[in-house]
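Colleague: Could you take a close look at one part of this model for me, the largest pocket and the elements around it? I'd like one connected walk-through rather than a list.

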Amino acid sequence: QFISVEEFEHFLADGTGLPSKAILLTFDDCYTDLLNAALPILEEKKISALAFAVSHCMGGTNIWDKALGAPQLRLLNAGELLEASRRGIEVGSHSRTHPQLTKTSDEQLQAEIGGSLEDLEATGLKRPRFLAYPFGDQDRRVRQAAGAAGIIGAFTVAPGVFRGNSDPLCIPRIEILR
């Protein structure tokens, strides 16, 4: 059963209140197909979702994938993110520039996480409460930085199921790729 971000937030707070097979739908990177392909289906089915934007790349492309030979795809700009938000997608952070966070200095780490929250809020979006670690890359230092920035839940790409007693700054996901 699909759940809303608010239902998941309540679950993080008290560990109860979700159906036994709850699913929170998330999207990384905020490609334009989120708005023009996924969102109409989500609206029709009355499914909300959480999407993670790379704040310094809004309206640009997924430059972090270029070295892998992946196609360059356009990302939603600030206006499009606002539209997605108005239509039921909560926008979270995916950092400022999509680096491997464990390889950044403490100063860069704070700028990547906290700075992305400020960037997204400056567009008129609600200040993000959730983060998806770029590449799922995280460790204790990165989790602490996320918590210090005010993040209440942060997602990895490690497969698994989140339980009420799990670390809310190390939430596993079941990843679905192209």
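Modeller: Sure, and a word on classes before anything else: Ala, Val, Leu, Ile, Met, Phe, Trp, Tyr, Cys and Pro count as nonpolar, Asp, Glu, Lys and Arg as charged, and the others, Gly among them, as polar. This is a predicted model, where local features need pLDDT of at least 70 and side-chain atom pairs count only at pLDDT 80 or more, while totals for chains, interfaces and linings use all residues. Residues are numbered from 1 along each chain as its sequence is written, and side-chain values use heavy atoms, with hydrogens and water left out.

Now the pocket, meaning an open set of points on a 1 Å grid over the protein atoms alone where a 1.4 Å probe fits, with protein on both sides within 12 Å along at least five of seven lines; lining residues have an atom within 4 Å of a point. The largest one holds about 1,600 Å³ of space, a volume being the space filled by probe spheres set on the points, which are joined across faces, edges and corners. Its lining has 47 residues, and Thr-26, Arg-173, Ile-174, Glu-175 and Ile-176 are the closest to its centre. By class, that lining splits into 29 nonpolar, 9 polar and 9 charged residues. Helix H1 (5-14), strand E1 (26-29) and helix H2 (33-45) each give at least two residues to it; helices (H or I, at least four residues) and strands (E, at least two) are DSSP runs, numbered from the N terminus.

Let's follow H1. Its buried residues (under 20% relative accessible area with a 1.4 Å probe, protein chains only; exposed is over 50%, partly exposed in between) are Val-5, Phe-8, Phe-11 and Leu-12. They sit on the same side of H1 because they cover an arc of only 115 degrees around the axis, taken from the directions from the helix axis to the C-beta atoms. Turned away from that side are the exposed His-10 and Ala-13. Strands E2 (49-53), E3 (89-93), E4 (130-132) and E5 (153-155) are among what covers the buried residues. Right after H1 comes Gly-15, with a positive phi near 75 degrees.

As for E2, 5 of its 5 residues are buried: Ala-49, Ala-51 and Ala-53 on one side, Leu-50 and Phe-52 on the other. E2 pairs with E1 in the parallel sense over 4 bridges (pairing takes at least two DSSP bridges), and Ala-53 is the bridge partner of Asp-29.

Ala-53 also touches Ser-95, which lies in the loop between E3 and helix H4 (106-122). Ser-95 counts as buried because its relative accessibility is 0%. Beyond four places away in sequence, its contacts (heavy atoms within 4.5 Å) also include Val-54, Ser-55, Glu-112, Ser-116, Leu-131 and Pro-134.
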